[in-house]
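Open the structure in your viewer and keep the selection tool at hand. This tour goes stop by stop, saying what to select and what is there.

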Amino acid sequence: FQGPDKEGVRIPAREELLGWIDNRGSRTLESYDDGVGDAPLMSSIPEPGSIVEERYIESIDTYDWRLSNGARVLVKSTDFKNDEILMDAFSPGGHSLVADDEFYSAVNATGIAGLSGLGKYDAIQLGKKLAGKVASVSVSLSNGYENVRGSASPKDLETLFQLTHMKFTEPRLDEKAFQSAIDRLRSSTENRLKNPNAVFQDEVSRVMYMGHPRHKNMSEALIQEIDADLALEVYKDRFADASDFTFIFVGSIDLEELKAYVSKYLASLPNLGREEKGRFVGDYMKQGQYEVKVARNLEDKTLVSVTVYGDAEWSNENSFGLGLARDVLNIKMRESLREEASGVYGVGVRGSLSREPREVFRSGFVFTCEPGNADKLIDLAWAEIDRLKEEGPSETDLEKVRENRLRSWEKGLKENPFWSGQLSSYARQGRDFDEILAAPDRIKAYTAEQVQELARRYFDDTNRIRALLTPLEDGIN
């Protein structure tokens, strides 16, 4: 026996120690009961629904099913990996449909539920129950959608379906899990305040969205607003109706087996007949040109982020063409700022169109440089943008972009995540799935004049925020 020899610590006598040893066989210990046992994952199997409509999309070898509860299922069987099935599902709505004063409870709802377990199992018990299974399902709420994602080995596919059904119908709230979620959030918030890049991003967001209640920097006051019961209520409401969900399955799929699971576990989900879509919550971005400067960088470097934005006319062609313009500018800025001026450690160009909840564009560039060179390098970056607007891309640069896009597309054709993402994107936008295979023709057909026009339109700096994260000055922000 070893112990500290200091005041206040009682050292057991020799006879006491020996007595403990002598009595070791007089106690009966019961086996630890973790509450898992041999009971099935689901307490009861739901009454199956049915597949009421089937369509085969020959061009992409994909099935499109409508279920008796209104849900839609897209299925593509592949032979890329013999042990992988991916699931992606979505429904319009999201946390945009909750009130502003419920927002922070809503955005944490799925995280709190995830830490609480499912059905009669808490998170630890659920983990033990799923030991040895290759199946997982997660849910989330975004601004405009409810989302469900999962993956499984074909041998554990039924487990994936059972977990999915339970995510809809058997969420739970565990007080310890809630407190754990709050503790994690509090810790991450404290750590975020020590991270110069995070403080910088928070300040840019605060200024850009003019202090909108859904774009506040996380703080102890906001953490205190999170209500466990409200979070569970929001969760249940957002996943109460499966009728407007679209489920996508891609991978090593046995079609008949999948049909049986879809009928049993998806077509049986509740149908409330809702017709929802995400709403605009009023988070307009500040108009005009302005600068944000945060003197918190612990390194002797300046991070530059320039963003331009405004209303946009969204279309597939505009979105695609802006992507080409962005890729061309990535080439030109890398050549100009890094290779010729030797002024940046790296440079990236942004450019995207949003369709929901409003049609807007958001473009710009970001790089890190020596503190004294920021203004000069920002001017060089704008010079490349202006050159693209005035002259258009060279055929050499545009061909490089085309080749990169084609290589990426050809590689993606042989990967499950590519098909899952494409089917999800096209379904959300209501596009014709036949267009997926037309991508090479679109890539080759896009002209320099089209790229030039979209650069003029979507790198317009009428609304611009120039943000700099500069070195810490005398320890003061």
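**Stop 1: two helices in contact**

Select Ile-112, Leu-115 and Ser-116 in α3, then add Ala-177, Phe-178, Ala-181 and Arg-184 in α6; these two sets of residues meet. By class, this contact of α3 with α6 holds five nonpolar residues, one polar and one charged. Keep in mind that you are looking at a predicted model.

Now show both helices in full: α3 covers residues 109-116 and α6 covers residues 175-192. At what angle do they pack? The angle is about 130°, and the axes are 8 Å apart. That angle falls outside the 65 to 115 range for roughly perpendicular and is not over 145, the mark for roughly antiparallel. α3 and α6 are therefore oblique to each other. Turn the view to follow the crossing: α3 passes α6 in a right-handed way.

**Stop 2: a second helix pair**

Select α11 (316-340) and α16 (residues 448-458). Their axes are 9 Å apart, and the packing angle is about 95°. α11 and α16 are therefore roughly perpendicular to each other.

Which residues meet here? On the α11 side, pick Glu-317, Asn-318, Gly-321, Leu-322, Leu-324 and Ala-325. On the α16 side, pick Val-451, Leu-454, Ala-455, Arg-457 and Tyr-458. This contact of α11 with α16 divides into seven nonpolar, two polar and two charged residues.

**Stop 3: the nonpolar cores**

In soluble globular proteins, nonpolar side chains tend to be buried together. Go to Phe-161, Phe-247 and Phe-249. These have the most contacts inside the largest nonpolar core, a set of 58 residues. Which helix gives the most to this core? Helix α5 (residues 157-169) does, with six residues.

Apart from this core lies another, of 41 residues. Select Val-304, Leu-322, Ile-385 and Val-401 to find some of its members. Leu-322 was also part of the α11 contact with α16.

Go back to Phe-247 and show what surrounds this residue. Beyond its neighbours within four places in sequence, Phe-247 touches Ala-71, Arg-72, Val-73 and Leu-74, among others. Its contacts also include Met-87, Asp-88 and Ala-89, then Thr-164 and Phe-168, and finally Leu-266 and Leu-269.

**Stop 4: a loop residue with distant partners**

Select Ala-240, in the loop between α9 (228-238) and β7 (246-251). Is Ala-240 buried or exposed? Its relative accessible area is 22%, so Ala-240 is partly exposed. Leaving aside neighbours within four places in sequence, Ala-240 contacts Pro-270, Leu-272 and Arg-274. Pick the C-alpha atoms of Ala-240 and Pro-270: they are 6.6 Å apart, although 30 residues separate the two along the chain.

**Stop 5: backbone exceptions**

Most residues other than glycine have a negative phi, and most peptide bonds are trans. The next three selections depart from that.

- Asp-61: find this residue in the loop between β1 (51-57) and β2 (62-67). Phi is positive here, about 50°, although Asp-61 is not a glycine. Asp-61 is partly exposed, at 35% relative accessibility.
- Ser-342: look in the loop between α11 and β10. Its phi is also positive, near 50°. Ser-342 is exposed, with a relative accessible area of 61%.
- Pro-357: move to the loop between β10 (344-354) and β11 (360-369). The peptide bond from Glu-356 to Pro-357 is cis, and its omega is near -5°.

Note on methods: Residues numbered from 1 in each chain as written. Predicted model: local features only at pLDDT ≥ 70, side-chain atom pairs only at ≥ 80, totals over all residues. Heavy atoms only, no water. Axes fitted to C-alpha atoms, helices over the stretch in contact; angles between N-to-C directions. Helix = DSSP H or I, 4+ residues; strand = E, 2+ residues; numbered from the N terminus. Parallel < 35°, antiparallel > 145°, perpendicular 65-115°, else oblique. Left-handed = near helix turned anticlockwise from the far one by under 90°. Contact = heavy atoms within 4.5 Å. Nonpolar A, V, L, I, M, F, W, Y, C, P; charged D, E, K, R; others polar. Buried < 20%, exposed > 50% of the residue type's maximum accessible area, 1.4 Å probe, protein only. Core = buried A, V, L, I, M, F, W, Y, C linked by side-chain atoms within 4.5 Å.
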